[in-house]
Amino acid sequence: MSKMDRLEQHSASKAPVAVSGRSRRSLRARRIATPYLLLVPALVIYGVFTIYPIYRQFDISFYNWHIFPGVSDPFVGWSNYTAIFHDPVIRTAAFNSFLFIVITVPIQMAIGLFAAAVLTDHMPGSMFWRACIYIPVVTSWVVVSWVFSYIFASQGGVMNGLAGLFVGHTVSVDWTAQTWTANGVIWLLSIWKGVGWSFIIFLAALDGIPRQLVESARIDGANEFRVWRNVVLPSIRGAVTFVTVLLVIGAAQVFTQIFEITKGGPYNSTQSLMTYMYQQAFSNFAFGYAAALASLLAVILFGFSAAEIRILRQHDV
Amino acid sequence: MSRFDGTATLSTEMAPPKKPPKKPPATAAGPGLFGARRRNKSRLVIAIILSVTSLGPLLYMLSLSFQPNGGLLGATVLIPTHPTVQNYVQAWTENSFSHYFLNSLIVAFATVVITVVFASLAAFAFARYQFPLKQTIFYFFLASLAVPNLLLLIPQFLLMDRLHLLDSLTGLVLLYVASNLPFTIFLLRGFFEAIPKEYEESFRLDGARTLRVLWGLIVPLALPAIAVVSMFIFSASWDEFPVALTMINSSQNYTLPVGLADFIGVHTVAWGPFFAASVIATVPVIVVFLISLRWFRSGVSLGAIR
């Protein structure tokens with residue numbers, strides 16, 4: 001900087017060079033400022049609508065927060081957090097969310113990887129099959145939730161109709177009104193709609209493996225299983241990490257399917273953490289409590305993602 | 001992007017993956033004709049099963065939307081015996097789905113444009129400049145990827161209330177842009193970095209300014225990637241439900257998912273118009289997806305996620 005200043009002073013003393021000196025300084029200033037200026041729009045939006053709410057969430061979680069104007073919001077310290085551990089519905093909701101993650105994520109990934117391995121380029125019409133498998137991903141959760149509700153309707157639903165053909169008399173199971181069948185419908189729907197996403201990511205990852213690597217392993221006499229275990233899977237570890245982290249984060253916020261199919265019922269038995277948080281905030285207006293729940297969940301998920309990325313990175317080395 | 005097309009062929013001989021290795025040694029070097037044909041056949045069967053499962057519920061929805069409303073429940077035939085477009089007429093006109101459609105279109109389009117422009121600027125800074133705090137700012141953006149967006153519903157609701165942006169499409173767009181930015185920046189940075197610097201240098205020698213380099217060179221070269229990213233953002237904001245449900249109150253501002261959920265709550269038995277409206281809500285995203293398909297290969301496999 002000082003060198004620059006001196007340069008400018010120097011050139012300023014000689015009138016003809018002054019212009020070039022000043023413009024060079026402004027040029028340098030501009031070069032320093034450019035990346036920051038490029039970042040400003042994104043930073044502003046992101047800061048106001050994502051980062052500030054994160055702070056605000058923690059803030060609210062320490063108050064007995066109401067949204068009604070004129071009502072006082074007393075500071076209650078950690079009591080919203082301690083209340084979480086004494087809430088019986090939380091236990092159900094946490095269990096349901098956990099089950100949802102451990103059931104839907106691995107199955108989606110397994111089917112997605114299997115489909116990606118089968119539908120390679122050499123296959124006739126591979127683009128068509130790929131499009132078919134991906135289409136559920138772009139559909140709306142509200143729409144497909146009701147399509148599945150309809151398929152599993154107690155009166156005249158397709159599932160009961162098919163079951164009736166097998167057993168020989170009318171079946172009227174109310175799938176979405178009982179805890180475990182309702183959970184099953186929700187899982188099935190989520191897997192069905194999610195497979196295409198991991199499929200497309202794995203497809204890209206498999207395409208990226210050098211072909212010679214696989215062929216030389218095969219020439220060395222490795223069978224399919226060993227080729228997959230020793231060559232293919234290690235090569236796509238990055239994609240596996242990526243898919244796992246994003247699917248778990250996505251599964252942890254399972255909301256629309258449950259909200260539309262069961263509303264968390266019967267008697268809160270299909271509630272997930274997200275639907276329960278939503279209910280606490282926007283039906284019971286317990287904003288402070290819901291914010292505490294959301295904050296706790298955010299910290300847990302953040303820790304999980306960081307840990308998972310680190311573990312899978314270590315294996316990479 | 002051409003360097004990624006070259007790697008496209010590899011997995012042919014890896015499939016099917018979980019098949020027990022019971023082949024004659026000849027297949028190790030290259031599958032015999034019979035083996036290849038049989039394998040192709042079983043792959044075709046798997047492809048058909050996967051596709052039918054994927055499209056089945058949607059085709060069923062399509063079929064239901066053409067059934068007369070009366071005989072709807074219990075319809076187990078895929079081809080309607082007395083097809084009618086009455087459901088569509090009803091959904092589009094009487095139930096103001098045309099209005100929700102327009103709202104969704106405005107929101108999704110605005111979200112795509114703003115997100116892609118802002119993310120391109122930021123990704124360009126990350127891909128091409130060295131500056132203090134670069135890594136910190138980048139991780140600052142990435143951090144929110146690890147936290148589910150929905151968890152911010154409460155503070156975002158209060159913020160929107162404060163900014164008088166509750167029940168407004170503008171507010172919705174701002175929230176969608178904020179939630180789509182990190183991922184988009186992350187992907188576009190990878191794509192921009194893959195573009196050789198030499199192009200840019202010759203461009204700059206002609207005296208082009210930074211923004212000219214970005215819009216005139218980098219963005220056109222990254223167009224396949226941007227098309228794919230735009231498709232992701234479009235379908236995400238077109239289908240988004242929880243945030244819209246929370247922020248939007250009056251029916252004139254409903255987007256399609258909120259309108260659909262509200263409709264089913266009010267008219268529990270009007271399945272015909274509901275499925276017609278569902279088809280109306282589903283077709284645009286599928287069309288956008290199919291259009292983006294031609295860039296899918298080069299865009300997605302660009303390696304930002306490896």
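Modeller: A word before we start: domain bounds come from an automatic or database domain assignment. The model we are looking at is predicted.

Biologist: Thanks! Which domains does the assignment give for chain B?

Modeller: There are two entries to read off, and both come from that assignment rather than from the coordinates alone. For chain B they are domain 1 (10-65) and domain 2 (89-300).

Biologist: How many residues does each of these domains of chain B bring to the contact between them, and how does the side of domain 1 divide by class?

Modeller: Going back to domain 1 (10-65) and domain 2 (89-300) of chain B, the contact takes five residues from domain 1 and seven residues from domain 2. By class, the side of domain 1 of chain B that touches domain 2 of chain B divides into four nonpolar, one polar and no charged.

Biologist: Before going further, where in chain B does pLDDT stay under 50?

Modeller: Taken as a whole, chain B has a mean pLDDT of 78, with 78% of its residues at 70 or more. Where pLDDT is low, the predicted coordinates should not be read in detail. That caution applies to two stretches of chain B, for which the model has 58 and 25 contacts beyond four places in sequence, respectively: residues 1-37 and residues 301-306.

Biologist: And which element of chain B has the highest mean pLDDT?

Modeller: At the bottom of the range, helix α1 (residues 2-5) of chain B has the lowest mean pLDDT, at 32. At the other end, with a mean of 94, is helix α12 (residues 242-247) of chain B.

Biologist: What are the ipTM and pTM of the model?

Modeller: These two scores belong to the model, whereas the mean pLDDT of 78 belongs to chain B. The model scores ipTM 0.83 and pTM 0.83.

Biologist: Let's look at the fold. How many helices and strands does each chain have?

Modeller: Read from the N terminus, chain B runs α-α-α-α-α-α-α-α-α-α-α-α-α-α. Chain A follows the pattern α-α-α-α-α-α-α-α-α-α-α-α-α-α. The secondary structure comes to 14 helices and zero strands in chain B, and in chain A to 14 helices and zero strands.

Biologist: What share of the residues in each chain is buried?

Modeller: The cut-off for buried is 20 or more other C-beta atoms within 10 Å. Among the 317 residues in chain A, the buried share is 41%. For the 306 residues in chain B, the buried share is 44%.

Biologist: Where the chains touch, which element of chain B gives the most, and how do the residues on that side divide by class?

Modeller: The contact takes 85 residues from chain B and 92 residues from chain A. On the side of chain B, the most comes from helix α3 (residues 33-65), with 12 residues. By class, that side has 62 nonpolar, 18 polar and five charged residues.

Biologist: Is F141(B) buried or exposed?

Modeller: F141(B) lies in helix α6 (residues 134-143) of chain B. Beyond four places in sequence, its contacts are Y46(A), P182(B) and I185(B). Because 25 C-beta neighbours lie inside 10 Å, F141(B) counts as buried.

Biologist: Which residues does A122(B) contact beyond four places in sequence?

Modeller: A122(B) is among the residues that touch the most other members in the largest nonpolar core of 163 residues, along with F199(A), F202(A), A290(A) and L188(B). Leaving aside neighbours within four places, A122(B) is in contact with L38(A), L39(A), A42(A) and I185(B).

Biologist: Why is helix α13 of chain B largely enclosed by the rest of the structure?

Modeller: The buried residues of α13(B) include L256(B), P257(B), V258(B) and F263(B). Helix α13 (residues 256-266) of chain B is largely enclosed because the number of its 11 residues that are buried is eight.

Biologist: Last one: is H164(B) buried or exposed?

Modeller: H164(B) lies in the loop between α7 (153-162) and α8 (169-193) of chain B. Its phi is near 55 degrees, a positive value in a residue other than glycine. Most residues other than glycine have a negative phi. Because it has 9 C-beta neighbours inside 10 Å, H164(B) counts as exposed.

Notes:
Residues numbered from 1 in each chain as written. Chains lettered and ligands numbered in written order. Predicted model: local features only at pLDDT ≥ 70, side-chain atom pairs only at ≥ 80, totals over all residues. Helix = DSSP H or I, 4+ residues; strand = E, 2+ residues; numbered from the N terminus. Buried ≥ 20, exposed ≤ 12 C-beta atoms within 10 Å, placed from the backbone. Nonpolar A, V, L, I, M, F, W, Y, C, P; charged D, E, K, R; others polar. Core = buried A, V, L, I, M, F, W, Y, C linked by C-beta atoms within 7 Å. pLDDT = per-residue confidence, 0-100.
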